[in-house]
Structures are given as C-alpha cells and as structure tokens.
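Good morning, colleagues. Please look at the model on the screen while I describe some of its parts in turn.

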Amino acid sequence: PFPETVTGLDRNTYIAGLTPADFKVSENGERQDITVVTRERVPVSVVFAVDSSPIMAIGLRRELAAEAVNKVVAALQPDDEVSILFIRKTIEERLPWTRVGQIKELKWGGWNPSAPAGGINAGLAPLNDGMRAALDQIERASNPRRAVLIVSAGFESSSRMSLANLVKTRQQSETSVFGIGLGSSDPRVVAAEEPHVMKPSGGVRATSDLFRGMHAGAPGALPPQTLPEYDHLETLVGDSGGMVTRVLSLPEAAMVARNIAAELQNQYLVGYTPKKAFDGKYRKLKIEVNRRGLYVRHRGGYLALATP
C-alpha cells in the first residue's frame with residue numbers, strides 16, 4: 001500500500017471517510033483494481049536527518065532545527081518511534097530507534113555545529129550521504145508506516161553518494177520524505193547574516209570561513225567553497241510523496257513540524273495488486289480522488305522489484 005495525503009484546498013484540513021470507490025489508481029497509465037483503502041492510524045517510524053555542518057551556526061538555523069525536531073516528536077504518539085542522525089563530514093547516529101513514550105526530553109545542549117566531528121576542516125553537509133544513511137536507518141525501523149525528515153540549510157557538498165544512485169535507492173523505498181529548510185537558501189542572504197561569508201572577485205559568493213570568531217586565513221580555516229544557487233532539499237524529497245517547506249522563524253518551524261506530524265497520523269493507505277508482473281523498471285503512479293475541492297499528494301512511482 002502507498003500512503004496518500006488528502007486534504008481540503010487549504011492543505012490543512014484532513015479528509016476522513018473516503019472508501020475504495022472514491023479513489024482511482026493508474027500505473028503507467030493503466031487503471032488498477034484497488035484492493036484496500038484504510039485511514040486507520042498505525043504506528044509510524046521517523047528518521048530525522050539533521051544538518052550539522054558549520055553553516056548551521058549562522059543565524060537561527062541551529063535553533064530552528066531543534067524547534068522543528070522537538071515539535072514533531074511532541075506531536076507523535078507513544079507507540080511511534082524516532083531516530084536522529086547528524087549529517088556531518090561523517091554521519092553520526094545521535095539517537096538510536098527509541099519509542100516516543102520513552103523520551104522525556106531531547107537534549108540539544110551538547111550539539112555545536114560550529115565544531116563538528118572531524119575538526120574545523122569539515123565543510124557543508126554531504127546531504128546525499130545523509131539521505132542514504134537515513135534510508136538505511138529506516139530499514140531497521142519496527143513500525144509499518146515510515147518517514148524520513150531532512151532538516152537542513154539545504155546546501156549539498158562532497159557526498160560520496162551520487163544523486164542518480166540516491167534517487168534509485170529512494171525509489172526502491174516505500175518511505176515518504178519530507179524536508180524542512182532552515183533559513184534562507186539565497187547565498188546573498190547568507191552572506192548578509194554572517195560577515196565571514198566572503199564575496200570573491202568575479203561576483204561568485206563563497207564561504208571562506210563559516211565559523212564565528214575566526215578570520216579568513218586562520219590556521220585550520222575552511223578553504224573557499226561556493227554556495228550552491230539552489231535548494232537541494234527539493235531534489236532529495238523528489239517524488240517520494242512528501243514536501244519541502246522552508247522556515248525563517250521559530251513559530252514557522254513549530255507550525256510546519258506540527259503539520260508534518262499531523263499528516264503522518266492522517267494519511268490513507270491505498271493498496272492494489274499490479275496487473276503486470278514486476279520487471280525491475282520504474283512505474284509511474286497516479287492516484288486520484290473522485291471528489292471536487294480536494295488536494296491529493298502521493299509518491300510519483302516505484303521500482304517494480306520482485307520480492308526475493
């Protein structure tokens with residue numbers, strides 16, 4: 001079964017009471033016979049992949065990340081489970097799989113993105129590697145409904161995992177992926193937030209030192225890095241069925257977090273048996289609701305791999 005979000009056009013009112021007769025499912029344009037539609041709440045497992053690169057020390061990004069994760073966890077149910085990964089030069093498991101009912105408080109006091117593991121030579125986050133680690137982590141989850149939440153400034157750098165291979169891995173997974181973008185992704189805004197983000201000649205903006213209190217050229221300072229001109233979170237989420245929202249303030253982070261948690265608790269699961277045998281190819285999905293005035297979001301497709 002594939003998760004599907006059905007809301008009013010306001011995107012915040014979740015629609016109950018739909019039956020198989022209300023849905024239409026097509027696979028590569030061919031109509032499929034729906035076997036199950038359910039909105040019954042089942043426990044969810046959520047992996048938080050949190051950007052812990054030096055850029056998180058700029059502006060409110062660290063505080064926005066903590067607020068978003070805290071509010072999602074607070075809105076989940078005791079039988080849900082969560083895990084937290086930090087995306088640095090290497091990936092760190094900050095919290096192994098833990099039932100929400102066993103979490104008294106998430107501790108953020110020891111988290112210092114300006115001094116990541118591996119020393120101050122670490123640059124921007126390897127988001128592709130972080131996403132791959134999150135998908136590996138979700139395979140060890142114990143709950144049937146699963147989601148990955150990438151919490152990041154949105155700048156990708158130096159991943160070993162290629163984007164093409166990452167997309168294929170994501171398509172094999174039945175996991176919904178959500179992204180919360182922290183602060184602005186415009187390099188000009190980042191430069192205004194942090195005086196150590198330099199503007200080299202030629203108009204190309206780069207980060208020569210993302211650590212507060214250090215000056216360019218200091219021993220161990222970051223080498224110049226170009227900030228990408230786009231938000232990599234959109235690429236990571238892709239057609240997984242989730243969405244990306246960028247937040248600039250603590251109230252926005254709290255609101256978006258609560259919305260994501262509510263969506264995970266209110267999704268439909270729509271199941272069918274494909275008419276064609278699995279052939280290892282990517283199949284496009286189209287799931288529609290036979291009612292006007294509703295907004296529908298679902299994953300764009302899947303890799304039709306035969307079960308061993």
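Arg 11 is partly exposed, as its relative accessible area is 46%. The model is a predicted one, and this residue is found in the loop that lies between β1 and β2. The phi angle of Arg 11 is near 70°, a positive value in a residue that is not glycine. As background, most residues other than glycine have a negative phi. Asn 28 also has a positive phi, near 50°, and is likewise not a glycine. Asn 28 belongs to the loop between β2 and β3.

Allow me to turn to the chain as a whole. Of its 308 residues, 52% are buried. The program assigns 6 helices and 17 strands to the chain. About 13,800 Å² of the chain is exposed, and 52% of that area is supplied by carbon and sulfur atoms. If one takes the contacts between residues at least 6 apart in sequence, 74% of them join residues at least 24 apart.

I continue with strand β1, which covers residues 2-8. Is this strand enclosed or open? In β1, 7 of the 7 residues are buried, so the strand is largely enclosed by the rest of the structure. β1 is joined to β14, residues 268-272, by 3 bridges, and the two strands run antiparallel. Within that pairing, Pro 3 has Leu 269 of β14 as its bridge partner. β1 is also joined to β16, residues 294-298, by 5 bridges, again in an antiparallel arrangement. There, the bridge partner of Val 6 is Val 296.

Next comes an open sheet. Which strands form it, and in what order? The sheet has 4 strands, in the order β3-β2-β15-β17, with antiparallel pairing. β3 (30-32) and β17 (301-303) stand at the edges with a single partner strand each, so one side of each has no neighbour in the sheet. On average, neighbouring strands of this sheet are turned by 30° against each other, with direction ignored. In general terms, strands of a sheet pair through backbone hydrogen bonds.

Within this sheet, I would draw your attention to β15, residues 282-289. β15 is joined to β17 by 3 bridges, and the two run antiparallel. In this pairing, Arg 283 stands opposite Tyr 302 of β17. Strand β2, residues 23-27, is joined to β15 by 5 bridges, and this pair is antiparallel as well. Val 25 has Ile 287 of β15 as its bridge partner.

What distinguishes the covered face of β15 from the uncovered one? The covered face consists of Arg 283, Leu 285, Ile 287 and Val 289, whereas Tyr 282, Lys 284, Lys 286 and Glu 288 make up the uncovered face. The residues already named as partners, Arg 283 and Ile 287, therefore both belong to the covered face.

I now move to the helices, beginning with α3, residues 163-172. Its buried residues are Leu 166, Thr 169, Arg 170 and Gln 171. They pack against α2 (127-138), β9 (176-182), α5 (233-237), β15 and β17. Two of the strands of the open sheet, β15 and β17, thus appear again here as packing partners of α3.

How do α2 and α3 lie with respect to each other? Their axes come within 10 Å and cross at roughly 25°. As angles under 35 degrees count as roughly parallel, α2 and α3 are therefore roughly parallel to each other. The crossing in which α2 passes α3 is left-handed. On the α2 side, the contact is made by Asn 128, Met 131, Arg 132 and Leu 135, and on the α3 side by Leu 163, Leu 166, Thr 169 and Arg 170.

The last pair is α1, residues 61-75, and α6, residues 250-266. These helices pack at an angle of about 35°, and their axes are 8 Å apart. The crossing of α1 and α6 is right-handed. From α1, the contact involves Glu 63, Leu 64, Glu 67, Ala 68, Lys 71, Val 72 and Ala 75. From α6, it involves Leu 250, Ala 253, Ala 254, Ala 257, Arg 258 and Ala 261.

Thank you for your attention.

Definitions and conventions
Residues are numbered from 1 along each chain as its sequence is written. This is a predicted model: local features need pLDDT of at least 70, side-chain atom pairs count only at pLDDT 80 or more; totals for chains, interfaces and linings use all residues. Side-chain values use heavy atoms; hydrogens and water are left out. Two strands pair if DSSP finds at least two bridges between them. Axes are lines fitted to C-alpha atoms, for helices over the stretch in contact, and angles run from 0 to 180 degrees between N-to-C directions. Buried means under 20% relative accessible area, exposed over 50%, partly exposed in between (1.4 Å probe, protein chains only). Contact means heavy atoms within 4.5 Å. Accessible areas come from the Shrake-Rupley method with a 1.4 Å probe; for residues, only the protein chains shown count as cover. Angles under 35 degrees count as roughly parallel, over 145 as roughly antiparallel, 65 to 115 as roughly perpendicular and the rest as oblique. A crossing is left-handed if the near helix is turned anticlockwise from the far one by less than a right angle, and right-handed if clockwise.
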